Amino acid sequence: MKICRFNRDRIGLIDERGLLDATELLDRRPAWPLPAGDWIVRQIPDLLPRLRLARDLPRLPLDSVRLDSPVANPGKIIGAPLNYRAHIEEANAQPAISHGKTFTSLDQLGLFLKAGSSLVGPSEEVRLRFPDRRTDHEVELAVVIGREARCISRQRALDHVLGYCIGLDMTVRGPEMPGYRKSVDTYAVLGPWIVTADEIDDPHALELSLDVNGERRQRSSTRYMIFDVARLIEYASSFYTLHPGDVIMTGTPEGVSQVFPGDLMHARIERIGEMRVRVA
Ligand code: MN
């Protein structure tokens, strides 16, 4: 099942004929204090059987709506900095990427957090904040947590996944800490929808790619991840509780490059879909 958010406050289900508006099946009136995580994503795991059977919902053409980030308010957007060997090698070979640091491995660096305020959906633009500095695209498989996870073993980790979407971990290159350089407003793009985990039997067998203005820049497979999804959840949840709606961006493969105002990024991940995002 594909679940999206559209026109700011609507929840949709995508099928081969378009979009079904499922908003009325969800409780949108939380009581303060809110439980941790995203209020809507928290409801979805228990609602999935009902959503699957829902037939009599208003239908809309998919191209008539604006797609937003499928998670509106993730408690955390977690990034895996060095999770593909070929990207570590390209970073160490290019001073414009590594800025005097030697990139080693994920288990030495740990994870980083992107600010929630950086999040946008595919119908918005990535707005370059510092025209005199290099900003790169990083296409990544993004994991959306569906059920709370605290100190979860890798054997149980995938039980906590609601589904997957495409993530763009936009990055200003430079000497500052990654969590700062990757947290500029609009520098986290999630979309176009969440594909529930039951439709992706192996998240480590997905081709992913990113084109800029029709030219291929990144192309790889999630099979080259160093920490797989289960290990990332084990690793992350050993430090902090993962809440429904938390997002893990699982790292980018090689081919990162600078983007400029006016560029059109076209990201694809097999079995999830594709999205086009403009740079401004
Ligand atoms: Mn990244």
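**Loops, helices, pockets and a metal site in a predicted model**

Asn7 is partly exposed, with a relative accessible area of 37% (buried means under 20% relative accessible area, exposed over 50% and partly exposed in between, with a 1.4 Å probe and protein chains only). The model is a predicted one, in which local features need pLDDT of at least 70 and side-chain atom pairs count only at pLDDT 80 or more, while totals for chains, interfaces and linings use all residues. Residues are numbered from 1 along each chain as its sequence is written, and side-chain values use heavy atoms, with hydrogens and water left out.

Asn7 sits in the loop between β1 (2–6) and β2 (helices, H or I with at least four residues, and strands, E with at least two, are DSSP runs numbered from the N terminus). Its backbone deserves a second look: phi of Asn7 is near 45°, a positive value in a residue other than glycine. His99 offers another such case, with a positive phi of about 50° although it is not a glycine. This residue lies in the loop between α3 and α4, and His99 is partly exposed at a relative accessible area of 35%. Two cis peptide bonds can be added to the list. One runs from Trp32 to Pro33, with omega near -5°, and Pro33 is found in the loop between β3 (18–21) and α1. The other joins Gly191 and Pro192, with omega about -15°; here Pro192 belongs to strand β14 (residues 188–196). For context, most residues other than glycine have a negative phi, and most peptide bonds are trans.

Next comes the metal site. The manganese ion is coordinated by Glu138 (OE), Glu140 (OE) and Asp169 (OD), at 2.0 to 2.1 Å. Donors here are N, O and S atoms within 2.8 Å of the metal (3.2 Å for Na, K and Ca), and water is not among the atoms, so sites may look incomplete. Along the sequence, the spacing of the donor residues reads E-x1-E-x28-D. Glu138 is buried, with a relative accessible area of 4%, and Glu140 also counts as buried, at 1% relative accessibility.

Glu138 is in turn among the contacts of Arg173 (contact means heavy atoms within 4.5 Å). Leaving aside neighbours within four places in sequence, Arg173 also touches Ala96, Ile97, His99, Arg133, Arg134, Asp136, Arg181 and Val256. Arg173 lies in the loop between β13 (171–172) and α6 (178–181) and is buried, with a relative accessible area of 6%.

Two helices show how burial is arranged. In helix α2 (residues 85–93), the buried residues are His87, Ile88, Glu90 and Ala91. Seen down the axis of α2, these buried residues fall within an arc of 165°, so they line one face of the helix (the arc is that of the directions from the helix axis to the C-beta atoms). Arg85, Glu89 and Ala93 are exposed on the other side of α2, and the cover over its buried residues includes α3 (95–98). In helix α7 (residues 229–237), eight of the nine residues are buried, so this helix is largely enclosed by the rest of the structure. Its buried residues are Val229, Ala230, Leu232, Ile233, Glu234, Tyr235, Ala236 and Ser237. What covers them includes α4 (106–109), β11 (139–145), α5 (154–157), β12 (161–169) and β17 (247–249).

Ser237 also serves as a reference point for Leu264: the two are 27 residues apart in sequence and 35 Å apart in space, C-alpha to C-alpha. Leu264 is found in strand β18 (residues 264–269) and is partly exposed, with a relative accessible area of 28%. Not counting residues up to four places away in sequence, Leu264 touches Asp211, Val212, Asn213, Arg276, Val277 and Arg278.

Finally, the pockets. About 350 Å³ of space lies in the largest pocket. Of the 15 residues that line the largest pocket, Arg5, Asp38, Ile40, Ala72 and Asn73 are the closest to its centre. On a 1 Å grid over the protein atoms alone, a pocket is an open set of points where a 1.4 Å probe fits, with protein on both sides within 12 Å along at least five of seven lines; lining residues have an atom within 4 Å of a point. Grid points are joined across faces, edges and corners, and a volume is the space filled by probe spheres set on the points. Both β2 (10–15) and α1 (39–53) supply at least two residues of this lining.
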